[in-house]
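The following exercises treat the spaces inside a protein model and the ligand bound to it. Each task is followed by a solution in steps.

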Amino acid sequence: MCGIVGYIGPREAYPIVLKGLKRLEYRGYDSSGVALMNGQLQVYKKKGKVAELEETLVGKDLHSHIGIGHTRWATHGEPNDRNAHPHLSQSGDIAMIHNGIIENYAQIKQELLAKGYTFKSDTDTEVLLNFIEDIQKNNHGTLEEAVRIALRRIVGAYCILLIHKDDPETIIAARKGSPLVIGIGKGEHFLASDASPIIEYTKEVVYVNDYEIAIVRPDELILKNLGNEKQTPFITKLDMELAAIEKGGYDHFMLKEIFEQPTTIYDSLRGRLDAETGSITLTGIEKYAEQIMNANRIMIVACGTSWHAGLVAEYIIEELCRIPVEVEYASEFRYRNPIIHKGDVIIAISQSGETADTLVAIENSKEKGAIILGIVNAVGSSIARTSHAGAYTHSGPEIGVASTKAFTGQLAVLIMTALYLGYKKGTLDRDKYLSLCKDLAAVPDKVATILQLDDQIKALAEKYKDATDCLFLGRGYNFPVALEGALKLKEISYIHAEGYPAAEMKHGPIALVDENLPVVFVATKDSFHEKVVSNMQEIKARKGKVIAVITEGDTITPTLADDVIIIPPADEIIAPMLSVIPMQLLAYHIGVAKGYDVDKPRNLAKSVTVE
Ligand code: G6P
């Protein structure tokens, strides 16, 4: 939530900050702003997307060698110019941007109001900023010192960048709970919420840890903890290319990411799965294999699309490894005082690796002695670093707000994990294991085949784009795919969509069915297929419109459905990696047909770093 960029060095700061904000817009796009310094401190901010800010700044003198910028996903205060960041302190001397939530801001605000402070915005950020300024005034000390003292009292999450009008050579930054990466150039530094604004300038980065303050000058990077002790910056080499974060000829990142899946799934499997010899190498997980296999239960925590991947994993791990699995929304799990015993296994699934609820859920569980496995896409992210072990999905940067390739990457890793553990434990026999390894290895090619249905699915999107509601139904391994299909559609087309287990539909949603309701069935050939076909009959009997995703060779379903999307066969355990592709394309084309910005749907953000 919210993207943060900063630059200090010999180059012009504004173009670097602006480009960085465009790369981080997936994190929020309610409003944006920059602070620059050329003799005096200048702040420009505007409601709307970064392009709108850029437009208003055309022709202005934006010369500056230091700059901070912010793209916002509103928490405190509606999205408008006033609440946009950067904020200026009461004196106008300090500019600050913030990603996160200050939970005890109301109390601090009261104290500042009593001292005569006034506030120009409704944000918690302005409160923290004036709190810092007040401390600095009273102590007659440095800004760095004031930040340190202020942060010791702060409850909540933050990544903040500050610049002071009297010190054009320093950016002060700090984080707790919200990400911050610092790129190290030659006589220059780049700061950002993730590495995407940085990679074209340098590949050497430092991931700042919680409770650390960075004092950033062109030639110097000092890291300290809140106790004023110097910390050694740990420099990491970025393994990411610029092309990975550009649209590469596609109209939208979402479409590019859907079409990348044959490659990204292959990348998730590469070096890990050898289908010929039947070997699976998951170095991160192997160390903990015995403990996982002998665990009394596995708990999976995640949010959004990652939670749906967790649901698929529940079915698969229980089937192949015979270990009880519970899947929880991280936001519920963290607050409901779950019973966790030493040695319990928690799998955290996250594309961004920064989702606040998932992160805190695993931190709490870790304290209680659980083993944490992270299935994460973003390398070096907070969840990856907090986990004891795990596996990266290697899906590459996902920029479209609606998650697509991350989901199939997560499934690839989760299926490999289940196969590896099940075979090792002996709950999965060798023949079945080998046949599933082969099926998994064949997924990239099969996804490529499904992507050839793009035109057909686009035509279906035209046919159904004016629906006001839509139901997605599936059973077994395909039930979470139905949930994911509904989520994709509502996220980017704003059509009310619900996913349901196909049979459960009779306990309520069936009341919605009439000739205007499209019902998408995920009805590939599996052990539940006949049951799903019966559910389809029930919908048809009530005149609902049925769109069915079916397996090649199925002759019965086409006689029932109004429209069919035919995909290649696969074992039912692998099938969700295929059946989800038409869901993604259908949602994408409906969103586009309705004229929406599918990469930046309203009210959403890609990385939810607030709870
Ligand atoms: C947000 C995104 C979703 C994502 C969810 C979980 O809601 O819009 O696409 O599935 O967060 O994010 P994570 O990065 O933890 O997978």
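**Exercise 1. Identify the elements that line the second largest pocket, and describe this pocket.**

Solution. The structure is a predicted model.

Step 1. Begin with the secondary structure. At least two lining residues of the second largest pocket come from each of helix 10, strand 20 (345-350), helix 12 (356-367) and helix 18 (479-493).

Step 2. Find the main contributor. Helix 10 supplies the largest share of this lining, namely 4 residues.

Step 3. Consider the whole lining. It consists of 25 residues, and those nearest the centre of the second largest pocket are Cys 303, Gly 304, Thr 305, Glu 491 and Val 608.

Step 4. Sort the lining by class. The second largest pocket is lined by 11 nonpolar, 11 polar and 3 charged residues.

Step 5. State the volume. For the second largest pocket, it is about 610 Å³.

**Exercise 2. Locate the ligand and describe the residues around it.**

Solution.

Step 1. Which pocket does the ligand take up? The ligand occupies the space of the second largest pocket, the one described in Exercise 1.

Step 2. List the neighbours. The ligand is surrounded by 13 residues, and Ser 306, Ser 350, Gln 351, Ser 352 and Thr 355 come nearest.

Step 3. Ask which element gives the most to this shell. With 3 residues, the answer is helix 10 (residues 304-321). Helix 10 also gives the largest share of the pocket lining.

Step 4. Sort the shell by class. There are 8 polar residues around the ligand, together with 4 nonpolar and 1 charged.

**Exercise 3. Find polar contacts of the ligand, using a cut-off of 3.5 Å between N or O atoms.**

Solution.

Step 1. Examine a side chain. In Ser 350, an N or O atom of the side chain is 2.6 Å from an oxygen atom of the ligand.

Step 2. Examine the backbone. Thr 305 places a backbone N or O atom 2.9 Å from a ligand oxygen atom. For a backbone N or O atom of Val 401, the distance to an oxygen atom of the ligand is 3.3 Å.

Step 3. Determine how much of the ligand is covered. On its own, the ligand has 390 Å² of accessible area, and the protein covers 91% of this area.

**Exercise 4. Describe the largest pocket.**

Solution.

Step 1. State the volume. The largest pocket has about 980 Å³.

Step 2. Name residues at the centre. The lining comprises 43 residues; Met 240, Asn 377, Val 379, Gly 396 and Pro 397 are the closest to the centre of the largest pocket.

Step 3. Assign the lining to elements. Strand 15 (235-237) and helix 7 (261-269) each provide at least two residues, and helix 7 has the largest share, 3 residues.

Step 4. Sort by class. The lining of the largest pocket holds 15 nonpolar, 14 polar and 14 charged residues.

**Exercise 5. Describe the linings of the two largest cavities.**

Solution.

Step 1. How many cavities of 30 Å³ or more does a search of the whole structure find? The search finds 3.

Step 2. Take the largest cavity, which holds about 80 Å³ of space. Its lining has 13 residues, with Cys 2, Arg 72, Thr 75, His 85 and Gly 100 closest to the centre. Strand 6 (94-102) and helix 4 (124-139) each give at least two residues to this lining. By class, the largest cavity is lined by 4 nonpolar, 7 polar and 2 charged residues.

Step 3. Take the second largest cavity, with about 50 Å³ of space. Among the residues that line it are Tyr 464, Phe 472, Leu 489, Pro 518 and Ile 590. Two or more lining residues come from each of strand 23 (469-474), strand 25 (518-522) and helix 21 (576-593).

Step 4. Sort the second lining by class. It has 11 nonpolar residues, no polar and no charged ones.

**Exercise 6. Locate two special features of the backbone.**

Solution.

Step 1. Which two residues does a cis peptide bond join? They are His 85 and Pro 86, and omega is about 0 degrees. Pro 86 belongs to the loop between strand 4 (66-72) and strand 5 (87-88). His 85 also appears in the lining of the largest cavity.

Step 2. Turn to phi. Asn 228 is not a glycine, yet its phi is positive, at about 70 degrees. Asn 228 lies in the loop that runs between strand 13 (220-225) and strand 14 (230-231).

Conventions
Residues are numbered from 1 along each chain as its sequence is written. Side-chain values use heavy atoms; hydrogens and water are left out. A residue is near a molecule or strand if one of its heavy atoms lies within 4 Å of it. A polar contact is a pair of N or O atoms within 3.5 Å; within protein, one must be able to donate a hydrogen and the other to accept it, and residues adjacent in sequence count only if both atoms are side-chain atoms. Accessible areas come from the Shrake-Rupley method with a 1.4 Å probe; for residues, only the protein chains shown count as cover. On a 1 Å grid over the protein atoms alone, a cavity is a set of points where a 1.4 Å probe fits but cannot get out, and a pocket is an open set with protein on both sides within 12 Å along at least five of seven lines; lining residues have an atom within 4 Å of a point. A molecule sits in a cavity or pocket if more than half of its atoms lie within 2 Å of its grid points. Ala, Val, Leu, Ile, Met, Phe, Trp, Tyr, Cys and Pro count as nonpolar, Asp, Glu, Lys and Arg as charged, and the others, Gly among them, as polar. Grid points are joined across faces, edges and corners, and a volume is the space filled by probe spheres set on the points.
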